[in-house]
Amino acid sequence: LLVVTGTGLAPLRAIAKAALKAKHKGKITLLHGGLDDQDLYYVSELQALALKEDNFYYDNCVLNESILFEQITVDNKMQQYLQAPNTARLYICGPADTASKLKLKAFLKGVPSSAILSDSFL
């Protein structure tokens, strides 16, 4: 599970594409969150990739009202993907406060801290 907000999309998009190129067989889900519609980019490309690759899933959400994307916090959306027993490996990229909140919520949902990798920025 790749969870990203803001400009953190670049490294996680690269991880997803590299995994697919290497013929990774496991499920790869990229969840992209933003404040509003303008914060979500590469949407068409990622949706097309999800249609092309059987094991790649793309989902997104925004915090503010939108007619294009689901309005929900990225941490609440992430929790929809974390089902017990949890065997997910989680990659998080985004602002430091958001990344910390996502890591904590994932841990509380049963993802071992050793399976949570993150890169936060200011």
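**Why these labels? Helices, salt bridges and loops**

Me: What makes K23 count as exposed?
Reply: The relative accessible area of K23 is 58%. The cut-off for exposed is over 50%, so K23 gets that label. Keep in mind that this is a predicted model.

Me: And where does K23 sit?
Reply: K23 is in the loop between α1 and β2, just after α1. Its phi is near 65°, a positive value in a residue other than glycine.

Me: Which loop holds Y42, and why is Y42 called partly exposed?
Reply: Y42 lies in the loop between β2 and α2. Its relative accessibility is 39%; partly exposed runs between the buried limit of 20% and the exposed limit of 50%, so Y42 lands in the middle class. Y42 also has a positive phi, about 60°, although it is not a glycine.

Me: OK, helix α1. How do you know what length to expect for it?
Reply: You take 1.5 Å times one less than the number of residues. Helix α1 covers residues 9-21, which is 13 residues, and the expected value is 18 Å. From first C-alpha to last, α1 reaches 18 Å, close to that expectation.

Me: Which residues of α1 are buried?
Reply: L9, L12, R13, A16 and L20. They cover an arc of only 105° around the axis, which puts them on the same side of α1. As a rule, an α-helix has 3.6 residues a turn, so residues three or four places apart point the same way.

Me: What do the buried residues of α1 pack against?
Reply: Quite a list: strands β1 (2-5), β2 (28-34), β3 (56-62) and β4 (90-95), plus helix α2 (43-52).

Me: R13 is an arginine, so why is R13 called buried?
Reply: Its relative accessible area is 17%, and buried means under 20%, so R13 qualifies.

Me: What makes R13 and E45 a salt bridge?
Reply: Their closest N and O atoms are 2.8 Å apart. The limit is 4 Å, so the pair passes. R13 lies in helix α1 and E45 in helix α2, so the pair ties together parts that are 32 residues apart in sequence.

Me: Which other residue forms a salt bridge with E45?
Reply: K17, with the closest N and O atoms 3.3 Å apart, again within the 4 Å limit. This pair also links distant parts of the chain: K17 is in helix α1 and E45 in helix α2, 28 residues apart. R13, K17 and E45 are thus linked in a network of salt bridges.

Me: Why are E45 and K17 called partly exposed?
Reply: E45 has a relative accessible area of 29% and K17 is at 37%. Buried needs under 20% and exposed over 50%, so neither label fits E45 or K17.

Me: How many salt bridges does the structure hold?
Reply: Five. Another one joins the side chains of E70 and K77, at 2.5 Å from N to O. K77 is buried at 6%, while E70 counts as partly exposed at 36%.

Me: Now α4. What makes its buried residues line one face?
Reply: The buried residues of α4 are A99, L102 and A106. Seen down the axis of α4, they fall within an arc of 65°, so they line one face of the helix. The cover over them includes β1, α3 (74-79), β4 and β5 (116-121). On the other side of α4, D97 and L108 are exposed.

Me: Which residues make the nonpolar surface patch, and what is its area?
Reply: L104, F107 and L108 make the patch, with an area of about 340 Å². L104 is found in helix α4 (residues 96-108). Patch members need over 30% relative accessible area; L104 is at 49%, so it clears that bar while still counting as partly exposed.

Me: Last one: why is P95 called partly exposed, and what does P95 touch?
Reply: P95, in strand β4, is at 26% relative accessibility. That is not under 20% and not over 50%, so partly exposed is the label left. Leaving aside residues up to four places away in sequence, P95 touches T5, S120 and F121.

Technical notes
Residues are numbered from 1 along each chain as its sequence is written. This is a predicted model: local features need pLDDT of at least 70, side-chain atom pairs count only at pLDDT 80 or more; totals for chains, interfaces and linings use all residues. Side-chain values use heavy atoms; hydrogens and water are left out. Patches are made of residues with over 30% relative accessible area and no salt bridge: like charges are joined within 9 Å, nonpolar side chains (Val, Leu, Ile, Met, Phe, Trp, Tyr) within 5 Å. Accessible areas come from the Shrake-Rupley method with a 1.4 Å probe; for residues, only the protein chains shown count as cover. Helices (H or I, at least four residues) and strands (E, at least two) are DSSP runs, numbered from the N terminus. Buried means under 20% relative accessible area, exposed over 50%, partly exposed in between (1.4 Å probe, protein chains only). The arc is that of the directions from the helix axis to the C-beta atoms. Contact means heavy atoms within 4.5 Å.
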